Amino acid sequence: MKQLPKGSKKLIHAWAFYDWANSVYSLVISSAIFPIFYGALTIIKDSDGNKISDTVTFLGINFNNDSLISYVTAGAFLVVSFLSPFLSGIADYIGNKKNFLKFFCYLGAISCIGLFWFSLDHLWFGLLCYFLALIGFWSSLVFYNSYLPDVAFPDQQDKASAKGFSLGYIGSVVLLILCLLMILKYEWFGFEDEGLPTRLSFVLTGVWWIGFSQYTYYYLPKGNKKAKLTNDVLFNGFKELKGIWKSIEQNKTLKRYLIAFFVYSMAVQTIMLVATYFGIEELEWGDQDPTTGLIISILLIQLVAVAGATLTSRLAIKFGDIKTLIFINLIWIAICGYAYFITTPIQFYFAAASVGLVMGGIQSLSRSTYSKMLPENALDTASYFSFYDVAEKIGIVIGMSLYGYVAQSTGSVRNAILFLVVFFIAGVILLMRVPKRIIKE
């Protein structure tokens, strides 16, 4: 097939369509069905639905179930944090980056399919599949993102990126609704085992990811540069990060902001990853089906997040980026305090809507604020954002590890949620130390 020219609408659509393919992982595995499945598998309840035990034995050690999945998640993000600079270097210099994109896509998708056999009897296998799926998803994004300047001209890139986001949201919701129908109305599909549709959801996620990505692979170029895989190429990403840190150290505004972001982002990302587990373990659902309730709350978070991002951008225009970020961090503090006391689904829905409102806002504004602070003559903005991404992932590692430790040592995930308030308070204090000047509006 003749290679499509850069800027071609068909080529840009094919690139953006990978979001349709892979975003099902984010919704089905990270946020919705797998956390519910994991909670149902690891929490022992009596006939009245009251929790008896949430202890899981792994490698001969007893863990709180939330602590265990938190540690595994933190470990996976730690691997991704170290892999990212290697992969960035490869993506920049090797001409066959499509093969790397395929490898991590298939690793993640096949690992999702492997979750079908997740059980307490073979816990190590299930956790390994979860671990590898996370690595496959995040590592594939390095190569996917690196294709954007290859397929679109600068004046097309914002629209292309937004198109990918939109396709990803629509695709993931479509599959989630299909999985939810299978789970709640399993008799419609001829299933006798009500637990089978949940496991099949993991298989569908992997098949969807692999299947729809083929459209992307068919049109994407193999790669632009042709360089041998040498030590210089492998370690180029680390060299770039080191150089960026030296540049940041000389920029007082950027340095103070990045430290503040690193601290409050630990708490933000941790809450986003553990919200469903919290809802499973701590709420009194009564006669209401927890699966339906939790997935409704997840969809609510996503819908409200879009409005939150728009509202936050308007507040930032009126009051400034730093003041708006301080205000959003204060709202996060209030949400954590409120979450400590919630027990009913209605209270959880209110908390979910509140999280969605500030989640979309703090993510979009944090990135745009960082962008405005970059040196005007900076030619290596990709390297600056690589540093930003690595800082965010290391923050996730620390946040998830501390969350797991507090939940394990105190025996309550509520205490772990409340503990995250410390990071938001520290974030507010650090943001107040960021000079208000030099931010390009």
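Helices in this tour are DSSP runs of H or I with at least four residues, numbered from the N terminus. The structure is a predicted model, in which local features need pLDDT of at least 70 and side-chain atom pairs count only at pLDDT 80 or more, while totals for chains, interfaces and linings use all residues. Residues are numbered from 1 along each chain as its sequence is written, and side-chain values use heavy atoms, with hydrogens and water left out.

Select Leu178 to begin, and you will find this residue in helix H7, which covers residues 154-184. Leu178 counts as partly exposed because its relative accessibility is 37%, where buried means under 20% relative accessible area, exposed means over 50% and partly exposed lies in between (1.4 Å probe, protein chains only).

Now add Ile177, Leu181, Trp188 and Phe189 to the selection, since together with Leu178 they form a nonpolar patch on the surface with about 490 Å² of accessible area. Such a patch is made of residues with over 30% relative accessible area and no salt bridge, nonpolar side chains (Val, Leu, Ile, Met, Phe, Trp, Tyr) being joined within 5 Å and like charges within 9 Å. A salt bridge here is a side-chain nitrogen of Lys or Arg within 4 Å of a carboxyl oxygen of Asp or Glu, and accessible areas come from the Shrake-Rupley method with a 1.4 Å probe, only the protein chains shown counting as cover for residues.

Go next to Pro197, which belongs to helix H8 and is buried, with a relative accessible area of 0%. Its C-alpha is 5.2 Å from that of Ile183, although the two residues are 14 apart in sequence.

Widen the selection to residues 196-219, the whole of H8, whose 24 residues reach 36 Å from first C-alpha to last, close to the 34 Å expected (1.5 Å times one less than the number of residues). A kink of about 30 degrees is centred on Ser213, the bend being the angle between axes fitted to the seven residues ending at a residue and the seven starting there. Ser213 is also among the buried residues of H8, as are Trp208 and Trp209.

Move on to helix H1, residues 9-31, whose end C-alpha atoms are 32 Å apart, in agreement with the 33 Å that its 23 residues should span. H1 bends by about 35 degrees at Asn22, and it is largely enclosed by the rest of the structure, because 17 of its 23 residues are buried.

Finish at Ser81 in helix H3, residues 65-93, which counts as buried at 4% relative accessibility.

How values were computed. Helices (H or I, at least four residues) and strands (E, at least two) are DSSP runs, numbered from the N terminus.
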